[in-house]
Amino acid sequence: QLHHHVEGEGTPVVFTHGFLNTGDVWAGAVAALGGQAHSLYWDLRGHGGSDAAPVGEYGRSYALADLGRMLDVVGRPAALAGHSLGGYLSLAYAILHPGEVAGLVMVAGGPGFRNPDSLAQWNVGIDAMTATRPELPDGVGEISKHVDSMVMDRLGEITVPVAVVVGERDKQFVASAAVFRKYLNVVHEVVVPDMGHMVHAKAPEAVAASVRAVVAALG
């Protein structure tokens, strides 16, 4: 079972959180939308109120199948908003299921890695993070690990309108925003002053404004 919350009417928007967060981190942004979108936020498998999965069933394909189940709830095509891991998964879904995605809101998100050393370093960091959290479900770290450069290599296939939100102090993802400007149809971008990686929790209005910008670009 995947825990999720739905409210509002209008364009479907699915909000996906980052690694080791929960869906309710989006509650402020959804409230700031004032019901102007058919918003859904959810907990990834093994996170929050969603069920844990067997070891080996946390990789990208499983997470994307779960994201598809959330689109079943609100309808297609939907705009996908994602933070960090949620942003990466939203990009991957848009590449693999282009007819189901109307727009993207990337909040401190990135496209993964082409450099194998950077990829390996990221995965080592995920192992180190989960090793300090014995309460986590076994194998949940796989949901945030990278196994290839598929998203980076295929970014140019994404043609839908994109909004980008990043905190000024979130240097890694400020760099990702420059990649998005190069390859994607960025219609709205905001760098929130003096904010770090959890920019969506601390500046929910910036996320709401970005959702509105993408919806407006859809006509």
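Which residues does E142 touch, not counting residues up to four places away in sequence? They are Y58 and G59. Keep in mind throughout that this is a predicted model.

## E142 and its surroundings

Let's stay with E142 for a moment. Its place is in the loop that runs between α4 (116-131) and α5 (150-154). With a relative accessible area of 38%, E142 is partly exposed, since that value falls between the 20% limit for buried and the 50% limit for exposed.

R60 is worth finding here too. Along the sequence, 82 residues separate E142 from R60, while in space the two C-alpha atoms are 8.2 Å apart.

## The sheet as a whole

Now for the strands. Seven of them form an open sheet, and reading across it gives the order β1-β3-β2-β4-β5-β6-β7, with mixed pairing. The edges are taken by β1 (4-7) and β7 (185-192); each has a single partner strand, so one side of each is left without a neighbour in the sheet. From one strand to the next, the twist averages 15°.

## Strand β4 and its partners

Strand β4 is a good place to look more closely. It is largely enclosed by the rest of the structure, because six of its six residues are buried. Both of its faces are covered: A78, L80 and G82 are buried on one side, and A79, A81 and H83 are buried on the other.

On one pairing, β4 runs parallel to β2, and four bridges join the two strands. Here T16 stands opposite G82 of β4. On another pairing, β4 (residues 78-83) runs parallel to β5 (residues 101-107), with six bridges between them. Within β5, G82 has M106 as its bridge partner, and H83 is partnered by V107.

## Helices on the sheet

Helix α3 (residues 85-96) packs on the sheet, where it touches β2, β4 and β5. The direction of α3 makes about 145° with that of β4. Helix α8 (residues 204-217) also packs on the sheet, in its case touching β2, β5, β6 (161-167) and β7. The direction of α8 makes about 170° with that of β7.

Helix α3 has a part in the chain path as well: β4, α3 and β5 make up a β-α-β unit that is right-handed.

## From β6 to β7

Strands β6 and β7 run parallel and are joined by seven bridges. One pair to pick out is V165, whose bridge partner in β7 is V190. To get from β6 to β7, the chain crosses through helix α6 (residues 171-183), and this β-α-β crossover is right-handed.

## H17, a buried loop residue

Let's finish with a histidine. H17 lies in the loop between β2 (12-16) and α1 (27-33). Is H17 buried or exposed? Its relative accessibility is 0%, so H17 counts as buried.

What surrounds H17, leaving aside its neighbours within four places in sequence? The residues in contact with H17 are T22, G23, V25, W26, W42, D43, L44, H47, H83, L85 and G86. Two of these names are worth a second look. A polar atom of the H17 side chain lies 2.9 Å from the backbone nitrogen of L44. H83, also in contact with H17, is one of the buried residues of β4.

Conventions: Residues numbered from 1 in each chain as written. Predicted model: local features only at pLDDT ≥ 70, side-chain atom pairs only at ≥ 80, totals over all residues. Heavy atoms only, no water. Buried < 20%, exposed > 50% of the residue type's maximum accessible area, 1.4 Å probe, protein only. Polar contact = N/O pair within 3.5 Å; in protein donor to acceptor, adjacent residues only side chain to side chain. Contact = heavy atoms within 4.5 Å. Pairing = 2+ DSSP bridges. Axes fitted to C-alpha atoms, helices over the stretch in contact; angles between N-to-C directions. Right-handed = clockwise from strand over helix to strand, strands pointing away.
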